[in-house]
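This report looks at the enclosed spaces, the salt bridges and the chain organisation of the structure shown below.

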Amino acid sequence: MLCMAGMKLVSAFAAFLFCVSGADAHESIFAWTYTTDLTPKGHGEFEQWITPRWEKEHGSYGVIDFREEFEYGVTDDFQIALYLNHRYVYAKDDIPVANPTHPKKLLPGVFETGGEDVHAGHDPTKPFDSYHFESVSFESIYRLLSPYKAPIGLALYFEPSIGDQETELEWKILVQKNWLEDRLVWALNINYELEFEKETGDWERDGAFEWFTGISYRFISNWSAGLEFRNHHEFADAAVHEHSAYFVGPTIHYGGERWWASIGFLHQLPIGEAFSQDNKEFAAHDGYIFGDEHEKYYVRLKVGFNF
Amino acid sequence: MRKSEFAFFALPVSALVAPSTFAVQYLTVDQAQRAIFPGKSLTASPVKLAPPQCKAIEQASGVRVLHDEQQVWRVSGGGWFIVDEVVGKHEFITYAIGLNANGSVKRIEVMDYRETYGGEIRNENWRAQFVGKTSQSPLKLDRDIKNISGATLSCRHITDGVKRLLALHEIVLKRS
C-alpha cells in the first residue's frame with residue numbers, strides 16, 4: 001500500500017521536529033480555511049500537511065496528499081512560503097466507462113481505473129498504485145487589515161504551482177472576524193484557481209471557483225473546535241460551468257508554545273449539482289459529484305513548528 | 001492498517017494531546033507586590049462585582065468583564081494593587097497593576113506569560129508606556145501604546161485589561 005520508504009522518512013523528520021522545535025506563533029486554527037494571521041517579520045515556520053481523501057462512486061479510490069511548507073515573514077504583513085507537494089494514489093475500477101458507440105453516454109455498470117491522480121497512459125483495466133512527487137508551490141500573502149486592530153482582517157493570497165503534469169495559479173481573498181476576546185474566530189476565503197493539466201501530451205486548461213468558511217471557538221486554553229464548509233465550482237476550459245459540490249465537517253485545533261496542530265474532516269454533501277452534460281453523465285451520482293475533482297471523504301492533519 | 005502505517009499517524013496525534021510543559025511564572029503575587037510597592041504593607045481587599053457594576057465598568061472601558069471576582073489589595077498610605085488575567089493567544093496572561101492613590105498607573109508587572117512571541121511585553125520599556133495612565137487615557141494600540149511584532153493579540157488584551165482596571169478603580173475602588 002503506502003510507500004514505506006517515504007513514510008519512514010516523513011515519520012523520522014516529524015519526530016525530529018517534535019524534539020527540537022522551540023517556538024510557536026502563526027498557526028492555522030482551521031484545516032482548510034485560511035485566517036489572516038501571518039508569521040511575524042524575521043521568523044519562519046515549518047508545516048507538515050497530510051490529507052487522506054477517499055471513496056468515489058464505485059471501486060476503490062484513495063489518495064494521501066503530503067505537503068511540506070516553509071514559511072517566512074518578510075514583514076509583519078507580508079509572508080512568503082515554499083511548498084513541496086507529493087502524493088500516494090491507489091485506484092481500481094473507480095470511473096464509469098464511455099459507450100464506444102455513443103461517447104457522451106456511459107456503459108451502465110462498467111467501470112475502469114482512471115481519474116485525475118492516475119497517470120496518463122496507465123492501463124485502465126489494472127489497478128493503479130503510485131507514490132510520486134507532484135509539484136512545487138510558491139505562496140505569498142499580503143495582509144491589508146489585522147483583525148486585532150481593525151473591525152475585520154483582510155489579506156490577499158497568490159500561489160503559483162509548477163509540476164510535470166500540472167501547473168496552477170491560485171488567488172484568494174482572506175477575511176477574518178473575531179469576537180469574544182478573539183476566542184471566537186470566523187474566516188472566509190474566496191478562491192479562484194487556473195489549472196493547466198497535461199492530458200495525453202496536450203495541455204488542458206480548467207478553472208475552479210470555490211469558497212471556504214469556518215468558525216472556531218477556543219473552548220479551553222490551547223484548544224479550539226469548529227466547523228468548516230466548502231463549495232467548489234469547476235469550469236471546463238475555465239469557461240463552461242461543470243458542477244458545484246458542497247462539503248462540511250468539524251475541525252479541532254491545539255496550539256501550544258512550541259508547536260500547533262489542526263485536524264479536520266470534510267464530508268461531501270449529497271446536494272451537488274452537475275451542469276454540463278458530461279458531468280451529468282459521468283461525475284454526478286446520487287447527489288454527489290465525483291469525476292476527476294472530488295471524493296466523498298477528506299481528512300487533513302496539519303502540524304506547524306515555528307523558529 | 002499495518003503497524004508502520006499506524007505509527008505514521010499515531011506520532012502527530014499523540015503529540016497533539018501531549019500537555020504543554022513550558023509555562024513560565026515570572027513573578028509570584030508576593031514578588032509582584034514588592035516590585036511595585038517596595039516597603040509598603042498591603043491588605044487583601046477582594047472585590048465581588050455586582051451585575052450593575054460589571055455593566056458600568058464595561059460601558060466606561062468598552063471592555064467586557066470576564067470575571068466578577070477581582071483580586072485586590074489596599075496599599076498602606078494610599079494606592080491599590082490588583083492581580084488580573086486576560087486572554088492570550090493560547091492561555092491566560094496573568095499580570096499585576098499598581099495604582100497610585102489618585103488612580104493613575106504606578107507600574108505593571110507581567111507575572112505569567114506562556115506565548116512564544118511577544119515576550120517583550122515583560123520589557124521595562126513596553127510596560128513603562130502605562131505609567132501615569134488614567135481612566136481618561138485613550139489606551140489604544142498604535143495610538144498611545146506601541147504594538148509588539150507577532151504579539152498584537154497579547155498587547156491589545158493587556159492594554160484593554162489595564163483600561164478595564166482603571167474603570168474598576170473609578171467605579172468601585174475609589175468609592176470604597
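Strands, like helices, are taken here as DSSP runs numbered from the N terminus, a strand needing at least two residues and a helix at least four. The model is a predicted one, and the description that follows should be read with that in mind.

## Cavities and a pocket

Across the whole structure, a search finds seven cavities of 30 Å³ or more. The largest cavity has a volume of about 920 Å³, and 39 residues line it, the closest to its centre being Arg67(A), Arg87(A), Glu168(A), Glu193(A) and Arg300(A). Strand S8 of chain A, residues 166–179, gives the most to this lining, with five residues. By class, the lining of the largest cavity consists of 21 charged, ten polar and eight nonpolar residues.

The second largest cavity holds about 220 Å³ of space. Of the 24 residues that line the second largest cavity, Ile29(A), Asp182(A), Val185(A), Ser224(A) and Lys89(B) lie nearest its centre. At least two lining residues are supplied by each of four strands of chain A, namely S8, S10 (202–220), S11 (223–236) and S12 (240–255), and S10(A) has the largest share of the lining of this cavity, with three residues.

The second largest pocket contains about 580 Å³ of space. It is lined by 29 residues, and those nearest its centre are Gly62(B), Val63(B), Arg156(B), His157(B) and Asp160(B). The elements giving two or more residues to this lining are S8 of chain A and, in chain B, strand S4 (80–87) and helix H5 (152–171). Within that lining, H5(B) gives the most, with seven residues.

The table sets out the make-up of the three linings by residue class.

| Space | Nonpolar | Polar | Charged |
|---|---|---|---|
| Largest cavity | eight residues | ten residues | 21 residues |
| Second largest cavity | seven residues | ten residues | seven residues |
| Second largest pocket | twelve residues | six residues | eleven residues |

## Salt bridges

Over all chains, the count comes to 27 salt bridges. One of these joins the side chains of Arg53(A) and Asp117(A), with an N to O distance of 3.2 Å. Because Arg53(A) lies in strand S1 (residues 44–54) of chain A and Asp117(A) in the loop between S5 and strand S6 (128–145) of chain A, the pair ties together parts that are 64 residues apart in sequence. Arg53(A) and Asp117(A) are both buried.

A salt bridge is also formed by the side chains of Glu295(A) and Lys56(A), at 3.0 Å from N to O. Glu295(A) is in the loop between strand S16 (288–289) and strand S17 (297–306) of chain A, while Lys56(A) is in the loop between S1 and strand S2 (60–75) of chain A, so this pair ties together parts that are 239 residues apart in sequence. Are the two partners buried or exposed? Glu295(A) counts as buried because its relative accessibility is 0%, and Lys56(A) counts as buried because its relative accessibility is 6%, buried meaning under 20%.

These four residues belong to a network of salt bridges that links Arg53(A), Lys56(A), Asp65(A), Arg87(A), Asp117(A), Glu134(A) and Glu295(A). Arg87(A) is also among the residues closest to the centre of the largest cavity.

In chain B, the side chains of Glu69(B) and Lys48(B) meet in a salt bridge with an N to O distance of 3.9 Å. Glu69(B) lies in strand S3 (residues 69–75) of chain B and Lys48(B) in strand S2 (residues 47–48) of chain B, so the pair ties together parts that are 21 residues apart in sequence. Glu69(B) counts as exposed at 56% relative accessibility, and Lys48(B) is exposed with a relative accessible area of 54%.

## Strand pairing and chain B

Strand S4 (residues 95–99) of chain A pairs with strand S5 (residues 102–112) of chain A in the antiparallel sense, over four bridges. In this pairing, Ile95(A) stands opposite Glu112(A) in S5(A), and the two strands form a hairpin with two residues between them.

Chain B has five helices and six strands, which follow the pattern α-α-β-β-α-β-β-β-β-α-α when read along the sequence. Of the 176 residues in chain B, 48% are buried. Among the contacts in chain B with a separation of 6 or more, 57% are between residues 24 or more positions apart.

Notes
Residues are numbered from 1 along each chain as its sequence is written. Chains are lettered from A and ligands numbered from 1 in the order in which they are written. This is a predicted model: local features need pLDDT of at least 70, side-chain atom pairs count only at pLDDT 80 or more; totals for chains, interfaces and linings use all residues. Side-chain values use heavy atoms; hydrogens and water are left out. On a 1 Å grid over the protein atoms alone, a cavity is a set of points where a 1.4 Å probe fits but cannot get out, and a pocket is an open set with protein on both sides within 12 Å along at least five of seven lines; lining residues have an atom within 4 Å of a point. Grid points are joined across faces, edges and corners, and a volume is the space filled by probe spheres set on the points. Ala, Val, Leu, Ile, Met, Phe, Trp, Tyr, Cys and Pro count as nonpolar, Asp, Glu, Lys and Arg as charged, and the others, Gly among them, as polar. Two strands pair if DSSP finds at least two bridges between them. Buried means under 20% relative accessible area, exposed over 50%, partly exposed in between (1.4 Å probe, protein chains only). Contact means heavy atoms within 4.5 Å.
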